[in-house]
Amino acid sequence: MTMLATLALYLLVINGVAFAAFAWDKRCAERDLRRMPEKTLLTLAAIGGAFGAVYAQQKLRHKTQKEPFRTYLNLIAVVNVAGYVALCVPSVREAVLAELLR
């Protein structure tokens, strides 16, 4: 499996995990059960799961009004997008891969 395919698989998995975490937290909120810490939800977004987190936030209408959580999640999403775009530039991708393999 190429490094790019591995990265794509990782992003697919982490975004699915982020979506599932938001769904679980929403379910716990509705049933007055112990909730997932916001730090955990934001960490999942920060390590690549921002698309899944933002999609879950909107689809499930979960934590859409909660500040500063909403702002932090949006900032993390912007940083994720910038990182994805940077990885599309061959010279940046090669430098990142070289550093990871070092």
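**Close-up views of a predicted model**

**View 1. A cis peptide bond leads into P68.** P68 sits in the loop between α2 (38-60) and α3 (69-88). Keep in mind throughout that this is a predicted model. Look at the link from E67 to P68: the peptide bond there is cis, with omega near 5°. E67 has a second role here, as its side chain meets that of R70 in a salt bridge, 2.8 Å from N to O. How accessible are the two partners? E67 comes out at 39% relative accessibility, and R70 has a relative accessible area of 32%. Both values lie between the 20% and 50% cut-offs, so E67 and R70 count as partly exposed.

**View 2. E38 and K66 meet in a salt bridge.** The gap between the two side chains is 3.5 Å, N to O. This pair ties together distant parts of the chain: E38 belongs to helix α2, K66 to the loop between α2 and α3, and 28 residues separate them. E38 is partly exposed, at a relative accessible area of 27%. K66 is partly exposed too, with a value of 40%. Bring K63 into the frame and you have a network of salt bridges linking E38, K63 and K66.

**View 3. R35 reaches D25 through a salt bridge.** Here the closest N and O atoms are 2.9 Å apart. R35 lies in the loop between α1 and α2, while D25 is in helix α1, and the pair links distant parts of the chain, 10 residues apart. Which of the two, R35 or D25, is buried? D25 is the buried one, with a relative accessible area of 0%; R35, at 37% relative accessibility, is partly exposed. If you'd like to go hunting for others, the whole structure holds 5 salt bridges, according to the search.

**View 4. D32 has a positive phi.** You'll find D32 in the loop between α1 and α2. Its phi is near 55°, a positive value, and D32 is not a glycine. Is D32 buried or exposed? Relative accessibility for D32 is 73%, which is over the 50% cut-off, so this residue counts as exposed.

**View 5. R61 also shows a positive phi.** R61 is in the loop between α2 and α3. Phi of R61 is near 50°, again a positive value in a residue other than glycine. With a relative accessible area of 67%, R61 is exposed. For a sense of scale, pick out L7 as well: its C-alpha atom and that of R61 are separated by 29 Å, with the two residues 54 apart along the chain. L7 is part of helix α1 (residues 3-30) and is partly exposed, at a relative accessible area of 30%.

**View 6. Six residues make a nonpolar patch on the surface.** The members are M3, V89, V92, V96, L100 and L101, and together they offer about 510 Å² of accessible area. Which helix gives the most to the nonpolar patch? That's helix α4 (residues 90-101), with 4 residues. M3 comes from helix α1 instead. At 36% relative accessibility, M3 counts as partly exposed. Patch members need over 30% relative accessible area, so M3 clears that cut-off.

Definitions and conventions: Residues are numbered from 1 along each chain as its sequence is written. This is a predicted model: local features need pLDDT of at least 70, side-chain atom pairs count only at pLDDT 80 or more; totals for chains, interfaces and linings use all residues. Side-chain values use heavy atoms; hydrogens and water are left out. Helices (H or I, at least four residues) and strands (E, at least two) are DSSP runs, numbered from the N terminus. Buried means under 20% relative accessible area, exposed over 50%, partly exposed in between (1.4 Å probe, protein chains only). Patches are made of residues with over 30% relative accessible area and no salt bridge: like charges are joined within 9 Å, nonpolar side chains (Val, Leu, Ile, Met, Phe, Trp, Tyr) within 5 Å. Accessible areas come from the Shrake-Rupley method with a 1.4 Å probe; for residues, only the protein chains shown count as cover. A salt bridge is a side-chain nitrogen of Lys or Arg within 4 Å of a carboxyl oxygen of Asp or Glu.
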